[in-house]
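Reader: Hey, can you walk me through this structure? I'm new to this, so plain words please.

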Amino acid sequence: MPESSSVAAAPVARLIDEFHKLPGIGPKSAQRLAYYVLRASSDEARALAEAILDVKERITFCSSCQNITDVDPCSICSSTTRDTSQICVVEEPLDILALERTRVFKGRYHVLHGVLSPLNGINAEDLKIRELIGRLGDGSVIEVIMAINPNAEGDVTTMYLERLIAPLGVKVSRLARGLPVGADLEFADEVTLTRALENRQPVG
Amino acid sequence: MRPQRIYTTEAIVLRVRRMGEADSVLTLLSADRGKFDAVARGVRKPTSRKAGHLEPLTHSTLLLAHGANLDIITQAHTLHAFLPMREDLRRLGGGLYAAELVDRFTVEREESFPIFRLLVETLGRLGEGEHVDLTLRYFEARLLQEAGFRPQLYQCVTCGEALQPVTNYFSVAGGGAVCPSCRPAGSGLPPVSVTLLKVLRLMLRAGYADVARLRLDESLMSELESLLRLAVHRQLEREPRSLQFLRELRRPYLAAAIPPDAAPVP
């Protein structure tokens, strides 16, 4: 708890404490934010409070893709222009925003809300895996694209899902692995370089 | 002379925890400084020069700077990525299990080169050959030994008499084998067959090459597994977290994750 909260007026101290709970907000930042709200107009403060309440009250998980949404099914799942034969599996809702920015992928998504992490005791039942398998039953999905972060936990998750999905007769692919734009070969690790060589592309 | 501000070491990454926007805290097992935590800044950005060299289960050479609290990794270069181990779910799961055990059995900043070498060798072995289970059993037995919990396999831990070539019993609390006459009546001590005792003795005495030549049938392997697992649990006082995952991988198909109505029709 920030030390200032004991000397500040009770409502201000409460606000400071609440800000302090947010990720990445230390005691000083919490004070600064609280005093900003104090000086802001009533309209501005109300807009902030309402925005916070709104996300809690109106946002749910899409019953199909498990993304966060205010309408169920979400706008992507209910869209008639999107390809229903492809599902792109991601770790977190924010990953969908990143993929959507590319405007390349036209299929639908599935959010796992985490990755398998044997060392932290996160197992299959803690993720939205049942829901994913449930979507593959009717035969309309031809390909599942694993867009999971390329690290050890991500690899475990990707290989685990591959083992689960392949017997259902659905193709499982994963995002290519290689050098990021602006990278330097000198600093590349051997796993990345090996994959980059294996997946090399003809020029032009 | 002032102490050096930077130093190099060879280490295996045991565990990675996220910190802040793009940093991570790594638990490292180094060859010459034991286990310790260090900060890697910016490794979660896609253009990080260090990220690929600091993945869990990577053996790297590192340049570190002394930090106020945790030391900071300034450069990293992979020595072994153990690529073959990473390409198979069961092998990778085994590697993570080994890393967890090492993390739990070691004490911070206590140099333990034998354990470091055991882990490097185990991660290498997990990528080759068919003996994933035997590799893990050998690892468990050796880790117990290196951590100071070598079981007594030559004399009865109760009466001290040399063990006879009959089925003996194993007392985890007693730290070794118990002869039939010392076995408390009605106790649930697991039996140790003559063959199992010989295998355990060989594992603690001989190199892996000799152990790998053994042809152990399934029932012996599972006896070996439950005995070593019992001994590991006893020291850790709880089940390793990654064990549940390894168990799940053994099931014929991963039933836990499939809803009843979507189960594949045989």
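Author: Here is a short chat about helix packing, salt bridges and two loop residues.

Reader: Before we start, what should I know about the model and the numbering?

Author: The model is predicted, so local features need pLDDT of at least 70 and side-chain atom pairs count only at pLDDT 80 or more, while totals for chains, interfaces and linings use all residues. Residues are numbered from 1 along each chain as its sequence is written, chains are lettered from A and ligands numbered from 1 in the order in which they are written, and side-chain values use heavy atoms, with hydrogens and water left out.

Reader: Cool. At what angle do H7 of chain A and H8 of chain B cross?

Author: Roughly 25°, and the axes of H7(A), residues 152-165, and H8(B), residues 242-250, come within 12 Å. Helices here are DSSP runs of H or I with at least four residues, strands are E runs of at least two, and both are numbered from the N terminus. The axes are lines fitted to C-alpha atoms, for helices over the stretch in contact, and angles run from 0 to 180 degrees between N-to-C directions.

Reader: So what do you call that arrangement of H7(A) and H8(B)?

Author: Roughly parallel, for H7(A) relative to H8(B). Angles under 35 degrees get that name, over 145 is roughly antiparallel, 65 to 115 is roughly perpendicular, and the rest are oblique.

Reader: Which residues meet there, between H7(A) and H8(B)?

Author: From H7(A) you have Val156(A), Tyr160(A) and Arg163(A), and from H8(B) they meet Phe245(B), Glu248(B) and Leu249(B). Contact means heavy atoms within 4.5 Å. By type, the contact of H7(A) with H8(B) has 4 nonpolar residues, no polar ones and 2 charged. For those classes, Ala, Val, Leu, Ile, Met, Phe, Trp, Tyr, Cys and Pro count as nonpolar, Asp, Glu, Lys and Arg as charged, and the others, Gly among them, as polar.

Reader: New topic! How many salt bridges are there over all chains?

Author: There are 26. A salt bridge is a side-chain nitrogen of Lys or Arg within 4 Å of a carboxyl oxygen of Asp or Glu.

Reader: Why would side chains pair like that?

Author: Side chains of opposite charge can pair when their charged atoms come close.

Reader: Okay, take Glu140(B) and Arg137(B). Where do they lie?

Author: Both lie in helix H4 of chain B, residues 132-146, sitting 3 residues apart, about one turn of the helix. Their side chains meet in a salt bridge at 2.8 Å, N to O.

Reader: Is Glu140(B) buried or exposed?

Author: Glu140(B) counts as buried, because its relative accessibility is 0%. Arg137(B) is buried too, with a relative accessible area of 0%. Buried means under 20% relative accessible area, exposed over 50%, and partly exposed in between (1.4 Å probe, protein chains only).

Reader: Which residues are linked with them in a network?

Author: Arg90(B), Asp133(B), Arg137(B), Glu140(B), Glu225(B), Arg229(B) and Arg250(B) are linked by salt bridges.

Reader: And what does Asp210(B) pair with?

Author: Asp210(B) has a salt bridge with Arg213(B), with the closest N and O atoms 2.6 Å apart. Asp210(B) is partly exposed at 35%, and Arg213(B) is exposed at 59%.

Reader: Last one: where are Asn67(A) and Val166(B)?

Author: Asn67(A) lies in the loop between strands S1 (60-61) and S2 (68-69) of chain A, and Asn67(A) is buried at 11%. Val166(B) is in the loop between H4 and strand S6 (168-171) of chain B, and Val166(B) is partly exposed at 41%. Not counting residues up to four places away in sequence, Val166(B) touches Pro180(B), Val192(B) and Val194(B).
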